[in-house]
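Morning, everyone. Please look at the sequence and the structure while I talk. I'll take the backbone first and then the pocket.

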Amino acid sequence: MVSSLKENGRFAVVLPESVFDTTDNKYIRLFLFKYFNIKAVVSLPVVTFEPYTSTKTSLLFAQKKTAKEVVQWNELWDKCGKEWSLLKTRLNDYIQFFLEEKELNKKWAKDVVEDIEKKNWSNIKKNIFRLLKNHLTEEDKDLEIKELLTKYLAELSELLQYDNDTCEEFGYYNAWWVFSEVAQKQNYPIFMADAENVGYKRTRRSEREMPNDLYDIEFAPNTINKQEIIDEYNEKTKQTEAIVKELKDDLKDVEKKNKEKTSKALEKKIEDLNEDLKKCQTIIDQLKADRDECERIIKTYYSKEGKLKEEYHERTDETLIGHFSTGLLKKKKSDDVLLRKTETIKILDAIRKEVIWN
């Protein structure tokens with residue numbers, strides 16, 4: 001995506017959810033934040049790709065940064081990284097002096113030694129608080145330096161280590177500490193959602209229809225050809241009327257034969273033909289009624305040019321949806337993804353409404 005997209009180019013991709021929440025994949029996350037503005041992450045249910053895999057996945061929507069934005073990110077990353085390096089050096093000196101009770105080298109720990117000699121404990125605690133930041137509680141402000149270091153020694157041991165798996169690309173820093181600083185300074189909203197259903201549940205033998213939290217389909221198409229629909233009904237009516245004509249001709253022949261020589265077989269044939277004629281007439285009446293109803297529906301929801309009226313664009317009118325999902329216009333149903341302009345019903349609607357693209 002970095003190489004194929006233009007600046008500000010958009011992409012969406014399905015990724016294993018482990019990419020977003022495991023330590024092993026932090027390099028990928030840092031890479032994404034460096035080169036892309038993350039716009040939305042949508043968690044999908046485990047059934048999404050079953051029965052082929054039960055891997056938990058998510059949808060990632062992102063936009064490629066400009067070259068200038070990447071430079072700004074690098075500059076900020078290095079600035080925060082250098083701050084971590086300085087804090088690392090000082091915290092190691094604090095641990096050496098206060099916990100291990102070792103003397104400090106005045107040449108290499110000049111600033112720390114100066115703070116200790118002047119008993120500038122507030123400055124030392126300030127550096128400890130700065131590195132620990134999110135780990136601290138309100139009560140920690142009253143602790144002595146030795147108590148503070150002892151309490152958080154395990155956390156400090158982790159924070160004072162650089163990440164081997166990210167150092168080549170992102171420097172010899174503690175990547176998460178630095179990233180939290182960069183993310184805070186480059187703070188922007190990321191749309192997050194959790195889809196419980198994606199429209200189906202699959203097994204190796206069958207597929208079961210389910211609700212769809214991601215999006216709706218249009219059902220009612222944006223444009224419709226009224227004349228084409230009327231012509232289809234007229235053609236079916238014409239074909240049925242042709243059958244009626246044949247049946248009437250047959251009926252005349254049979255009635256003539258029955259007059260010449262009455263028989264039960266001919267009488268049964270006359271009865272059957274009359275029954276068929278009634279059925280055909282019922283079909284013709286129904287076709288004409290359905291044609292007129294289709295005209296009424298189209299006139300209600302569509303303009304003279306055959307475009308869906310603006311007030312029905314969001315497809316929240318259940319009667320309209322019914323005409324195309326199970327009603328007379330079912331064969332004209334649109335399976336296109338519905339892109340609502342104002343209503344927020346599905347996750348895609350919310351993304352379109354809330355996500356701002358550069």
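Is Glu 101 buried or exposed? Keep in mind that this is a predicted model. Glu 101 has 62% relative accessibility, and exposed means over 50%, so Glu 101 counts as exposed. Find Glu 101 in the loop between helix H3 (67–99) and helix H4 (110–117). Its backbone stands out. Glu 101 is not a glycine, yet its phi is positive, about 55 degrees.

Some background. Most residues other than glycine have a negative phi, and most peptide bonds are trans.

Next, Phe 219. This residue is not a glycine either, and its phi is positive at about 65 degrees. Phe 219 sits in strand S7 (residues 217–219). With 22% relative accessibility, Phe 219 counts as partly exposed, because buried means under 20%.

Now a peptide bond. The one from Glu 50 to Pro 51 is cis, with omega near 10 degrees. Pro 51 lies in the loop between strand S2 (36–43) and strand S3 (57–64).

On to the pocket. The largest one has a volume of about 430 Å³. It is lined by 18 residues, and Phe 219 is back: it is among the closest to the centre, along with Glu 209, Tyr 215, Asp 216 and Ile 217. Which elements give two or more residues to this lining? They are strand S6 (207–212), S7 and helix H12 (318–325). S6 provides the largest share, four residues. By class, the lining has eight nonpolar, seven charged and three polar residues.

That's my tour. Over to you.

Technical notes
Residues numbered from 1 in each chain as written. Predicted model: local features only at pLDDT ≥ 70, side-chain atom pairs only at ≥ 80, totals over all residues. Heavy atoms only, no water. Buried < 20%, exposed > 50% of the residue type's maximum accessible area, 1.4 Å probe, protein only. 1 Å grid on protein atoms, 1.4 Å probe; cavity = no way out; pocket = protein on both sides within 12 Å on 5 of 7 lines; lining within 4 Å. Points joined across faces, edges and corners; volume = space filled by probe spheres on them. Nonpolar A, V, L, I, M, F, W, Y, C, P; charged D, E, K, R; others polar.
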